[in-house]
Amino acid sequence: KGFYSVLGKASPCTLTGEDYVSYVDYWMPFIGGAYGLHDASWRSSFGGSIYEGDGSHGCVNLPTDIAEELYDTIEVGTPVIIY
């Protein structure tokens, strides 16, 4: 939970962590380089209660078309509110 802002934008980008490597088309970090908004082409559904058994590593996973629209619309510094 918190108030953040978009720190940058990259397209495309490869996200890496301890146990994953994920290629994304649209990356918009809001906490360092670790957490951000991005497309998640590997998901077949979004929202609802999927986070209970198949959550992210802390990022906001988006359908590709929504991630593209956000990427084209928002600017670095745009507020991000997580609640």
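The following exercises, each with a worked solution, concern the predicted model shown above.

Residues are numbered from 1 along each chain as its sequence is written, and side-chain values use heavy atoms, with hydrogens and water left out. In this predicted model, local features need pLDDT of at least 70 and side-chain atom pairs count only at pLDDT 80 or more, while totals for chains, interfaces and linings use all residues.

**Exercise 1. The chain as a whole**

Determine how many helices and strands the chain has, and in what order the elements run.

Solution. Helices (H or I, at least four residues) and strands (E, at least two) are taken as DSSP runs, numbered from the N terminus. Counting them gives two helices and seven strands. Read from the N terminus, their order is β-β-β-β-β-α-β-α-β. The radius of gyration, taken over C-alpha atoms, is compared with the globule rule, 2.2 Å times the number of residues to the power 0.38. The chain has a radius of gyration of 12 Å, close to the 12 Å that the rule gives for 83 residues, so it is as compact as a globular protein of that length. Along its principal axes, the C-alpha trace spans about 30 × 25 × 25 Å.

**Exercise 2. Buried or exposed**

Classify Leu62 and Ala67 as buried or exposed.

Solution. Buried means under 20% relative accessible area, exposed over 50%, and partly exposed in between (1.4 Å probe, protein chains only). Leu62, in strand β6 (residues 60–62), has a relative accessible area of 11% and is therefore buried. Ala67 belongs to helix α2; because its relative accessibility is 0%, Ala67 is buried. Of the 83 residues of the chain, 30% count as buried.

**Exercise 3. Distances across the chain**

State how far the C-alpha atoms of Ala67 and His38 are from each other, and do likewise for Leu62 and Tyr26.

Solution. Ala67 and His38 are 29 residues apart in sequence, and their C-alpha atoms are 5.9 Å apart in space. For Leu62 and Tyr26, 36 residues apart along the chain, the C-alpha separation is 9.6 Å. A further pair is Thr78 and Tyr4, with their positions 74 residues apart in sequence and 8.5 Å from C-alpha to C-alpha. Thr78 itself lies in the loop between α2 and β7 (79–82) and is partly exposed, at 24% relative accessibility.

**Exercise 4. A cis peptide bond**

Identify the residues that a cis peptide bond joins, and describe the place of Pro12.

Solution. Most peptide bonds are trans. Ser11 and Pro12, however, are joined by a cis peptide bond, with omega about -5°. Pro12 is in the loop between β1 and β2 (13–17). With a relative accessible area of 47%, Pro12 is partly exposed.

**Exercise 5. Two surface patches**

Name the residues of the negative patch and of the nonpolar patch on the surface.

Solution. Patches are made of residues with over 30% relative accessible area and no salt bridge; like charges are joined within 9 Å, and nonpolar side chains (Val, Leu, Ile, Met, Phe, Trp, Tyr) within 5 Å. A salt bridge is a side-chain nitrogen of Lys or Arg within 4 Å of a carboxyl oxygen of Asp or Glu. The negative patch consists of Asp65, Glu68, Glu69 and Asp72. Glu68 lies in helix α2 (residues 64–73) and is partly exposed, at 35% relative accessibility. The nonpolar patch is formed by Phe3, Ile81 and Tyr83, with about 490 Å² of accessible area together (Shrake-Rupley method, 1.4 Å probe). Phe3, in strand β1 (residues 2–5), is exposed because its relative accessible area is 70%.

Notes. Lys and Arg count as positive and Asp and Glu as negative; His and the chain ends are not counted. The place of a charge is taken as NZ of Lys, CZ of Arg, CG of Asp or CD of Glu.
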